[in-house]
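Colleague: I would like a close look at a single part of this protein, set in the context of the whole. Please take it step by step, for someone in a first year of study.

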Amino acid sequence: TIERLYHSKLMTSGFTSTAYPDGEKSCSYPKCYDYLTGEYGYYDSCCDGHYSYGKLFDYFSVSRESYIGLTNLEMYTATDPTSTDYSMSYVYDNFQWSHCADSADIDALLASSAD
């Protein structure tokens, strides 16, 4: 559902900004858990994965120093249906959310230009 909402949003009104705040603090965590010391605080890698150049941690290596896959920006571009770099192997046949009709105003959500 979230991916269809994302695609529909990009193909209709889009977002007011799609810029990553690289170079600025891009997350609002006042404290992060340091897995090496077991303590809470703020450190340089506190928000790993929140920047355009962030990648997923490699779960199978059991190391927070090992990353895999595309960067966030590469994934964003590859999954943007309005981009010439769209590279997903599928296209949705509809943007209908009948299972949500009773609990959400989907049309209002899609028409919204708020980020």
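Modeller: The protein has three helices and four strands, in a model that is predicted. Read along the sequence, these elements follow the pattern α-β-β-β-β-α-α. The part to look at closely is strand 2, which covers residues 39-41.

Some figures for the whole protein come before the detail. There are 115 residues, and buried residues make up 23% of them. The protein exposes about 8400 Å², and carbon and sulfur atoms supply 54% of that area. For contacts between residues at least 6 apart in sequence, 50% join residues at least 24 apart.

Now to strand 2 itself. Glu39 is found in this strand. Is Glu39 buried or exposed? Its relative accessible area is 53%, and the cut-off for exposed is over 50%, so Glu39 counts as exposed. Leaving aside residues up to four places away in sequence, Glu39 touches Cys32, Tyr33 and Asp34.

Tyr40 is also placed in strand 2. Its relative accessibility is 60%, and therefore Tyr40 counts as exposed too, by the cut-off of over 50%. Tyr40 helps to make a nonpolar surface patch of about 500 Å². The other residues in that patch are Tyr33, Tyr35 and Leu36. Tyr33 thus appears twice in this account: Glu39 touches Tyr33, and Tyr33 belongs to the patch with Tyr40.

Strand 4 offers another case to set beside strand 2. Strand 4 covers residues 67-68, and Ile68 is placed there. The relative accessibility of Ile68 is 40%, which lies between the cut-offs of 20% and 50%, so Ile68 counts as partly exposed. Not counting residues up to four places away in sequence, Ile68 touches Lys55, Leu56, Phe57 and Asp58. For one of these, Lys55, the separation can be given in two ways: Lys55 and Ile68 are 13 residues apart in sequence, while their C-alpha atoms are 6.2 Å apart in space.

Two items about rings complete the picture. The structure holds one aromatic pair. A pair of aromatic rings is described by the distance of the centres and the angle of the planes. Apart from that, the charged end of Lys9 sits over the ring of Phe15, at 5.7 Å from the centre of the ring.

To return to the part chosen at the start: in strand 2, Glu39 is exposed, and Tyr40 is exposed and contributes to the nonpolar surface patch.

Key
Residues numbered from 1 in each chain as written. Predicted model: local features only at pLDDT ≥ 70, side-chain atom pairs only at ≥ 80, totals over all residues. Heavy atoms only, no water. Patch = residues over 30% accessible without salt bridge, like charges linked within 9 Å, V, L, I, M, F, W, Y side chains within 5 Å. Areas by Shrake-Rupley, 256 points an atom, 1.4 Å probe, with all protein chains shown as cover. Salt bridge = Lys/Arg side-chain N within 4 Å of Asp/Glu carboxyl O. Helix = DSSP H or I, 4+ residues; strand = E, 2+ residues; numbered from the N terminus. Buried < 20%, exposed > 50% of the residue type's maximum accessible area, 1.4 Å probe, protein only. Contact = heavy atoms within 4.5 Å. Phe/Tyr/Trp six-rings, centres within 6.5 Å; stacked < 30°, edge-to-face > 60°. Lys NZ or Arg CZ within 6 Å of the ring centre and 35° of its normal.
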